[in-house]
Amino acid sequence: MRIAVVRETRPGETRVALVPDLVPKLTALGHEVGVEPGAGEAAGFADELYAEAGAGLVDQPLPGAEVVVSVNPLDRDRLHQLREGTITVSFLPVSTSLDLVADLRDLRVTALAMELVPRISRAQSMDALSSQALVSGYRCAIVAAGLLRRFFPLNMTAAGTVQPAQVVVLGAGVAGLQAIATSKRLGAVVQAYDVRAAAAEEIRSVGAKAIDLQLETLEGTGGYAREMDEDRAARQKDALAPYIAGADALITTAAVPGRRAPLLVTAAMVEAMKPGSVVVDLASESGGNVEGSVPGKVLRIGHAQVWGGDNVPSQMPGPASSLYAQNVVNLLALMSHEGDVVPDFDDEVVVGACVTHAGEVRHAPTREAIE
Ligand code: NAD
């Protein structure tokens, strides 16, 4: 089938959905790959690399495409260039893209959303939420270390000892665990907190101390957290305050699926931090774990510099694209049969990821929200 790789149009997006190294995997499955010139440029992948790997360079790849792969969903103008029955594979944040989903339905596009791929063992190789969270978590630790005007590691020198930085990480999912592991590798002393009971062991397994606030845990479904009520949130803030006041660097990564990010740290808690301290809020663009953080900005609150995350995987576009592309290629491989891409609606991975197909919204919560 003809697979199009488009240049991303979202402002600030630097990733690309397919990297040259993976073109042969698709051609070996019997597909033709057409890349829009410049698609990989911001991620460091020149057009020639795609051509050398066996892809064609196509100025207008959408009208002739049978499958379109992208990081972000196509904008509405580009969507209308697609033919009926085209398969799109991209991130597609359905709850905030209802108009777009209605267009995809009306254009009879089969839209697969990478964030809806079920997080089951069999689909781990297609789990783009995890691959991009891994990049974000690493980046958060590096940003914290870069902003902090002191060492992360202990230094024992002839002139005397320099104490290691104290890092606190809130939220120990995929991104948080990677932030912990990276901070540890840089030599910091790390403590972390998560509302899920299982997280304590995971925190310890990457070398940090699990903070025990003596509060009830909040397990939701599918290994995710549940939302806090106001009382639980207030008690958590009170209990966390001394840990945050003692931190040189605070990294927050907490999220609850389908909800605004939980507010874990008030401006007053940041104001109680030491001079020179640093706050890195990965959740800034989904509402913020830290009051006052702004996506894409470094602000001063009290004595602290507060950094707000904004499309953080795009800050490491090469590896983020490579990992995302592997997820996409693995999903396409699952659906490929003798040179065709044929979604199998008996497969729970396909069913989970499918938002629209044959003029219908297949994703039940989105269908209810639209109708
Ligand atoms: P996420 O991005 O939804 O949330 C990040 C973290 O924030 C979670 O660990 C969550 O518990 C935590 N959090 C939420 N509210 C909080 C609060 N008030 N205070 C502190 N922390 C809070 O989660 P994620 O990183 O996508 O993954 C979460 C879970 O899913 C983990 O258990 C992970 O192991 C699991 N997972 C499973 C698979 C798989 O089986 N294929 C893949 C990826 C993740």
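Which residue in S2 does Arg2 stand opposite? The legends below, which describe a predicted model, begin with the answer.

**View 1. Pairing of strands S1 and S2 in an eight-stranded open sheet.** Arg2 stands opposite Glu32 in S2. Strand S1 covers residues 2-5 and strand S2 covers residues 32-35; the two run parallel and are joined by four bridges. Both belong to an open sheet of eight strands with mixed pairing, ordered S3-S2-S1-S4-S5-S6-S18-S19. At its edges are strand S3 (56-57) and strand S19 (360-361), each of which pairs on one side only.

**View 2. Helix H4 lying across strands S6, S18 and S19.** Helix H4, formed by residues 98-106, crosses strand S6 (110-113), strand S18 (354-357) and S19, and runs at about 40 degrees to S18. Its buried residues are Leu100, Val101, Leu104 and Arg105. Seen down the axis of H4, these buried residues fall within an arc of 140 degrees, so they line one face of the helix. An α-helix has 3.6 residues a turn, so residues three or four places apart point the same way. The buried residues of H4 pack against helix H3 (76-79), S6, S18, S19 and helix H12 (364-370). On the face turned away from this buried side, H4 carries the exposed residues Asp99 and Asp106. Just after the helix, Arg108 adopts a positive phi of about 55 degrees.

**View 3. The shell of residues around the ligand.** The ligand is surrounded by 29 residues, of which the closest are Gly171, Gly173, Ala225, Ala254 and Ala255. Helix H5 (128-147) and helix H6 (174-185) are the elements that give two or more residues to this shell. Classed by type, the shell holds 18 nonpolar, seven polar and four charged residues.

**View 4. A seven-stranded open sheet and the helices H5 and H6 that pack on it.** The strand order in this sheet is S11-S10-S9-S12-S13-S15-S14, and the pairing is mixed. The edge strands, each pairing on one side only, are strand S11 (209-210) and strand S14 (298-301). S14 runs antiparallel to strand S15 (residues 304-308), and four bridges join them. Within this pair, Leu299 stands opposite Val306 in S15. Helix H5 packs on the sheet and touches strand S9 (166-170), strand S12 (249-252), strand S13 (278-281) and S15; its direction makes about 155 degrees with that of S13. Helix H6 also packs on the sheet, where it touches S9, strand S10 (189-193) and S12; the direction of H6 makes about 165 degrees with that of S10.

**View 5. Glu338 and Ala358, two loop residues with positive phi.** Most residues other than glycine have a negative phi. Glu338, although not a glycine, has a positive phi of about 45 degrees. This residue lies in the loop between strand S16 (336-337) and strand S17 (340-341). Is Glu338 buried or exposed? Glu338 counts as exposed because it has 7 C-beta neighbours inside 10 Å, where the limit for an exposed residue is 12 or fewer. Ala358 is likewise not a glycine, and its positive phi is about 50 degrees. The loop that holds Ala358 is the one between S18 and S19. With 12 C-beta neighbours inside 10 Å, Ala358 also counts as exposed.

How values were computed. Residues are numbered from 1 along each chain as its sequence is written. This is a predicted model: local features need pLDDT of at least 70, side-chain atom pairs count only at pLDDT 80 or more; totals for chains, interfaces and linings use all residues. Two strands pair if DSSP finds at least two bridges between them. Two residues are in contact if their C-beta atoms, placed from the backbone, lie within 7 Å. Axes are lines fitted to C-alpha atoms, for helices over the stretch in contact, and angles run from 0 to 180 degrees between N-to-C directions. A residue is buried if 20 or more other C-beta atoms lie within 10 Å of its own, exposed if 12 or fewer, and partly exposed in between; C-beta atoms are placed from the backbone. The arc is that of the directions from the helix axis to the C-beta atoms. A residue is near a molecule or strand if its C-beta atom, placed from the backbone, lies within 6 Å of it. Ala, Val, Leu, Ile, Met, Phe, Trp, Tyr, Cys and Pro count as nonpolar, Asp, Glu, Lys and Arg as charged, and the others, Gly among them, as polar.
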